[in-house]
Amino acid sequence: MDANYENRFRSQALGRLERLDRGLAKLYTLTKRGENEKALHFMDNELKDLYMGLEDIIKANRDTMGSQIGTI
C-alpha cells in the first residue's frame, strides 16, 4: 500500500474525528444549559452530518485499506 495514501486517509479521518469531537462538545454544552430543543435539533442535523462525514471517509477507504481499518 502507498504510504502517501495511508497518510492522507489518516489525516482525513483525524480531521473528521476532531470535527465530531467539537460537535459532541457543543451538544454537551447545549444539554448542560438545558437547551434541549436546540440540542435535539443539533443532533438530528449537524451532529448527524459530522458522523456521516467520518463514516464516508472510512467506507471510501475500506476496500483500499483492507483489514487495516474496522467497520462502523
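This is a friendly dialogue on reading the helices, core and polar pairs of a predicted model.

Reader: Let's begin with the overall layout. How many helices and strands does the protein chain have?

Author: Secondary structure is a good place to start. The protein chain of this predicted model has two helices and zero strands. The helices are α1, covering 3-32, and α2, covering 36-65.

Reader: What follows α1, and what is the sign of its phi?

Author: A backbone angle is a handy thing to check after a helix. Here α1 is followed by Gly34, and the phi of Gly34 is positive, near 80 degrees.

Reader: How do I compare the span of α1 with what its 30 residues should give?

Author: Take the rise along the helix and set it beside the distance between the ends. At 1.5 Å a residue, α1 should span 44 Å. Its end C-alpha atoms lie 43 Å apart, so the two values agree.

Reader: Now for burial. What share of the 72 residues in the protein chain is buried?

Author: Buried residues account for 25% of them. The cut-off to keep in mind is a relative accessible area under 20% for buried and over 50% for exposed, with partly exposed in between. As for the surface, the protein chain has an accessible area of about 5,400 Å², and carbon and sulfur atoms hold 50% of that.

Reader: Which residues of α1 are buried?

Author: In α1 the buried residues are Glu6, Phe9, Ala13, Leu20, Gly23, Leu27 and Leu30. Keep Glu6 in mind, as we will return to it.

Reader: Which residues make up the largest nonpolar core?

Author: A core is read as a connected set of residues rather than one by one. The largest nonpolar core here has eight residues: Leu20, Leu27, Leu30, Ala39, Phe42, Leu47, Leu54 and Ile58. Both α1 and α2 supply at least two residues each, and α2 gives the most, with five.

Reader: What does Ala39 touch, once residues up to four places away in sequence are set aside?

Author: Ala39 touches Leu27, Leu30 and Thr31. Leu27 and Leu30 also belong to the core we just listed.

Reader: Where does Met43 lie, and which residues is it in contact with?

Author: Met43 lies in helix α2. Leaving aside neighbours within four places in sequence, Met43 is in contact with Leu27 and Lys48. With a relative accessible area of 38%, Met43 is partly exposed. The C-alpha atoms of Met43 and Gly23 are separated by 8.9 Å, with their positions 20 residues apart along the chain.

Reader: Among contacts between residues at least 6 apart in sequence, what percentage joins residues at least 24 apart?

Author: Sequence separation shows how far along the chain the contacting residues come from. In this protein chain the value is 59%.

Reader: Let's turn to charges. How many salt bridges are there?

Author: Look for a side-chain nitrogen of Lys or Arg within 4 Å of a carboxyl oxygen of Asp or Glu. By this rule there are three. One of them joins the side chains of Arg10 and Glu6, at 2.8 Å from N to O.

Reader: How are Arg10 and Glu6 placed in helix α1, and is Glu6 buried or exposed?

Author: They are four residues apart in helix α1, so about one helical turn separates them. Glu6 is buried, with a relative accessible area of 17%, whereas Arg10 is partly exposed at 47%.

Reader: Which residue forms a salt bridge with Lys59?

Author: The partner is Glu55, and the closest N and O atoms are 3.8 Å apart. These two are four residues apart in helix α2, so they too sit about one helical turn from each other. Glu55 counts as buried at 17% relative accessibility, while Lys59 counts as partly exposed at 45%.

Reader: Which residue does Glu35 meet in a salt bridge?

Author: Glu35 meets Lys38, side chain to side chain, at 3.9 Å from N to O. Glu35 is partly exposed, with a relative accessible area of 25%, and Lys38 counts as exposed at 52%.

Reader: One last polar residue: what does the side chain of Asn61 reach?

Author: Asn61 is found in helix α2, and its side chain reaches the backbone oxygen of Ile57 at 2.7 Å. Asn61 is buried, with a relative accessible area of 6%. Asn61 and Tyr5 are 56 residues apart in sequence, yet 9.6 Å apart in space, C-alpha to C-alpha.

Conventions. Residues are numbered from 1 along each chain as its sequence is written. This is a predicted model: local features need pLDDT of at least 70, side-chain atom pairs count only at pLDDT 80 or more; totals for chains, interfaces and linings use all residues. Side-chain values use heavy atoms; hydrogens and water are left out. A nonpolar core is a set of buried Ala, Val, Leu, Ile, Met, Phe, Trp, Tyr and Cys residues joined through side-chain atoms within 4.5 Å. Buried means under 20% relative accessible area, exposed over 50%, partly exposed in between (1.4 Å probe, protein chains only). Contact means heavy atoms within 4.5 Å. A polar contact is a pair of N or O atoms within 3.5 Å; within protein, one must be able to donate a hydrogen and the other to accept it, and residues adjacent in sequence count only if both atoms are side-chain atoms. The expected span of a helix is 1.5 Å times one less than its number of residues. Accessible areas come from the Shrake-Rupley method with a 1.4 Å probe; for residues, only the protein chains shown count as cover.
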